[in-house]
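Here are my notes on the structure you asked me to look over, set out as numbered points. Please read them with the sequence and the model side by side.

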Amino acid sequence: MTRITIISAVAFALVGLALPSVALAGGDAEAGKAVYLQNCSSCHGDGGKGDGPTGAALPVKPRDLSSTDYKFDTDGDGKAGTPADITNVIKKGAMAYGGSPLMAPLPQLTDQQIADIIAFIAVLQGQN
């Protein structure tokens with residue numbers, strides 16, 4: 001490898017680390033907001049605090065999505081709450097990973113819709 005190739009590779013890797021991981025997922029936060037409000041806000045609340053009207057009646061409070069404190073590392077990469085982890089929980093439900101059965105799978109959502117939701121969650125977390 002030439003010195004320029006090595007420098008380019010390191011620079012590319014550092015840029016990837018500096019960008020929020022959600023941005024790398026290719027989601028559109030504005031589109032994600034609409035999908036989120038339709039599918040997620042009744043439990044998680046409009047601002048993601050876990051305070052939606054349905055969530056208030058549940059025996060287990062829904063996750064505060066505005067926080068970056070996630071517990072599921074669904075893909076075993078050593079990092080909880082990555083876009084892959086959130087995608088897995090949306091697709092398969094939290095119970096598949098030892099979580100609440102009240103977070104049911106949402107198989108009707110497309111991969112793009114899930115990426116859009118993840119981008120919107122990043123906005124809720126102040127990442128974008």
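1. Sorted by class, the residues that line the largest pocket comprise 18 nonpolar, 6 polar and 4 charged ones. Please keep in mind from here on that the model is predicted. The lining has 28 residues in total, and those lying nearest the centre of the pocket are H44, R63, V89, A94 and M103. Helices α3 (41-44), α5 and α6 are the elements that each give two or more residues to this lining, and α5 gives the most, with 4 residues. The space in the largest pocket comes to about 620 Å³. Rolling a probe the size of a water molecule over the atoms is a way to show where empty space is left.

2. Helix α5 deserves a closer look, and a student may ask why it is described as largely enclosed by the rest of the structure. The reason is that 7 of its 10 residues are buried, where buried means a relative accessible area under 20%. The buried residues of α5 are P83, D85, I86, T87, N88, V89 and I90, and they pack against α6. After α5 comes G93, which has a positive phi, near 85°.

3. How many salt bridges does the model contain? The count is 1, and it is formed by the side chains of K91 and D111, with 2.7 Å from N to O. This pair links distant parts of the chain, since K91 belongs to helix α5 and D111 to helix α6 (residues 111-124), with their positions 20 residues apart in sequence. Side chains of opposite charge can pair when their charged atoms come close. K91 counts as partly exposed because its relative accessibility is 34%, whereas D111, at 53%, counts as exposed.

4. Q108 is placed in the loop between α5 and α6, and with a relative accessibility of 48% it counts as partly exposed. Its C-alpha atom is separated by 8.6 Å from that of K91, although the two residues are 17 apart along the chain. Setting aside residues up to four places away in sequence, Q108 touches N39 and Q113, and with N39 there is also a polar contact of 3.5 Å between the side chains.

5. Is S66 buried or exposed? S66 sits in the loop between α4 (53-56) and α5 (83-92), and it is buried, because its relative accessible area is 16% and the limit for buried is under 20%. The side chains of S66 and K49 are joined by a polar contact of 3.2 Å. When residues up to four places away in sequence are not counted, S66 touches G47, G48, K49, L124 and Q125.

6. Q125, one of the residues that S66 touches, is found in the segment after α6. Q125 counts as buried, at 17% relative accessibility. Apart from its neighbours within four places in sequence, Q125 is in contact with L65, S66, S67, T68 and Y70. Q125 and D64 offer a further example for comparing sequence with space, as they are 61 residues apart in sequence and 9.8 Å apart from C-alpha to C-alpha.

Key:
Residues numbered from 1 in each chain as written. Predicted model: local features only at pLDDT ≥ 70, side-chain atom pairs only at ≥ 80, totals over all residues. Heavy atoms only, no water. Buried < 20%, exposed > 50% of the residue type's maximum accessible area, 1.4 Å probe, protein only. Polar contact = N/O pair within 3.5 Å; in protein donor to acceptor, adjacent residues only side chain to side chain. Contact = heavy atoms within 4.5 Å. Salt bridge = Lys/Arg side-chain N within 4 Å of Asp/Glu carboxyl O. 1 Å grid on protein atoms, 1.4 Å probe; cavity = no way out; pocket = protein on both sides within 12 Å on 5 of 7 lines; lining within 4 Å. Points joined across faces, edges and corners; volume = space filled by probe spheres on them. Nonpolar A, V, L, I, M, F, W, Y, C, P; charged D, E, K, R; others polar.
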